[in-house]
Every structure is written in C-alpha cells, then in structure tokens.
Amino acid sequence: MASVQIRWMGHSCFIIRDGQTAIIDPWLDGNPKAAASVESAPNTDIILLTHNHSDHSSDAVALAKRTGALVVGIFELSGDLKAKGVPEEQLLNGGSGMNIGGTVDIRGFTVTMTQASHSSTMGAPAGYVIRTPSGKTVYHSGDTGIFAGMSLIGALYPIDLAMLPIGSVFTMDYRQAAMACRLLRAKAVIPMHYGTFPILEPNAERFVEELATASPDTRPIILAPGEETEI
C-alpha cells in the first residue's frame, strides 16, 4: 500500500497528500506558528473546514481563489463562503456543502463529516474521517472536547492516524485527548491546537506521558510546524 504524506502547518492545519492534496483548516496568515503563508502554501485540490472560527477558516476564501480547490464545509458555512465570493463550482454541492453523518467522494478521497463538541456561529462544528485514495484512514476531530461518540467513530472506521487538540481552554486537554485515542482505537496520533498562544498547553510532553498509560497501543507523532510524516 502506498504511503500518505501528512504535513502539520501549525495549529489545526494539516496537508494530506495521496495523489491529490487536501488541506484542513487553513489558518496561515496571522498564525504566529504557521509553516507557510497563503501565497507560499502548496497548491491543493480540496479544502476541508471544521467550523468558522477564524483560527480555522479565515484563509479559506483566499486559498480557494488562489488554488481553485474544492471547498468542503457544513451547510451554513458553505453558504457564507459563497456570499464571500468563492465560486459556486468550487463549493461542494454548489454551496450546499454537507452535514454531520454524511459521506461524499471527492477527487479520490472519501470524506465523512462527524460531530464535534465545540461552538460555531455558522452551523455545527464538525470533524472529518478521511479515507485517502490509497486506503489509509485519517481522523481530524476539529476543535472538540472528549465525547462518548468517539468510541462509535473508532468502531466504524479503522483509524490509522488521529489529529487531536490537546491545548485545553477551548478544546480537550492532554488527559482527555489521551483517553480519546483509546476510544478511537487510533494506531497513531498527531497532537494539534497547542503552543500557538500562551494561553494554550505549551508542548506535547504531558500528552505523550498520559498517552502511554491511557492508550499504550497508540503511537504519538510529534511534529514541529512544517514537518511531515508518512502513514
């Protein structure tokens, strides 16, 4: 099976390369820990948005216009992006987007929108289970606290890699994230949404320590912004 390249761009932004390229939650300009700007970011085929908070979606319009990528988000957020000038043909289902529980096939990727326990001013916050063209399964939780339904996600989908927030204050803390790996039965995890601001967990040290107890079968992958791994 071919390998899939995963690059952490900082905060909650990731690039997934497997033939086609997908970017999740592009927040690059104004992000103090970003690995690139909107102008210098690699070209992408798909933009996946978990919710409309500025540290997740503020660069979606500019990146879509620069790259011509197809933008995927929940119904209300997709409509807002259309109003902001993203062409209808670049929005999933012409601007209707999708909703929690739905699965769509997009340019070789199979994408399922999952629930997230957070807030949003445009539709519900969400996460994604992403099946890549070569058959790997990646779960990006979006901003969320831990919730029992993660065990259902883990039962439904064989998760090769989870991307989970550990920063606390606005999302799960390191203890919840470690337990989430156990619920998800994730083979590996990349922590995210930490170290960007002083208010957040500064590093992944406590998470790695907790993970060894809470979910010892899950392999931690700790990246610096701009670094890449393969699954």
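Let me start with the hairpin of β8 and β9, where five residues lie between the strands and Gly135 takes a positive phi near 100°. Please keep in mind throughout that this is a predicted model. The two strands of that hairpin, β8 and β9 (residues 137–140), run antiparallel and are joined by four bridges, and within this pairing Ile130 has Val138 in β9 as its bridge partner.

On its other pairing, β8 meets strand β7 (residues 109–115), again in the antiparallel sense, over six bridges, and here Met113 stands opposite Tyr128 in β8. How many residues of β8 are buried? Five of the six residues in this strand, which covers residues 126–131, are buried, so β8 is largely enclosed by the rest of the structure.

Let me turn now to helix α6, residues 205–214, whose buried residues are Phe207, Leu211 and Ala214. Seen down the axis of α6, these buried residues fall within an arc of 75°, so they line one face of the helix. As for what covers the buried residues of α6, the list includes α5 (174–184), β11 (188–192) and β12 (219–220), whereas the face turned away from the buried side carries Glu205, Glu209, Ala212 and Thr213, which are exposed.

That helix brings me to the charged pairs, since Arg206 forms a salt bridge with Glu201, with the closest N and O atoms 2.8 Å apart. In this pair Arg206 counts as partly exposed at 42% relative accessibility, while Glu201 is buried, with a relative accessible area of 9%. As general background, side chains of opposite charge can pair when their charged atoms come close.

How many salt bridges does a search of the whole structure find? The search finds five, and I will describe two further examples. One of them joins Glu228 and Arg17, whose closest N and O atoms are 3.0 Å apart. Glu228 belongs to strand β13 (residues 228–230) and Arg17 to strand β2 (residues 13–18), so this pair ties together parts that are 211 residues apart in sequence. Both partners have some accessibility to report: Glu228 is partly exposed at 42% relative accessibility, and Arg17 is partly exposed too, with a relative accessible area of 23%.

The other example is the salt bridge between Lys84 and Asp80, where the closest N and O atoms are 3.0 Å apart. Is Asp80 buried or exposed? At 18% relative accessibility Asp80 counts as buried, because the cut-off for that label is under 20%.

Note on methods. Residues numbered from 1 in each chain as written. Predicted model: local features only at pLDDT ≥ 70, side-chain atom pairs only at ≥ 80, totals over all residues. Heavy atoms only, no water. Salt bridge = Lys/Arg side-chain N within 4 Å of Asp/Glu carboxyl O. Buried < 20%, exposed > 50% of the residue type's maximum accessible area, 1.4 Å probe, protein only. Arc of directions from axis to C-beta. Contact = heavy atoms within 4.5 Å. Pairing = 2+ DSSP bridges.
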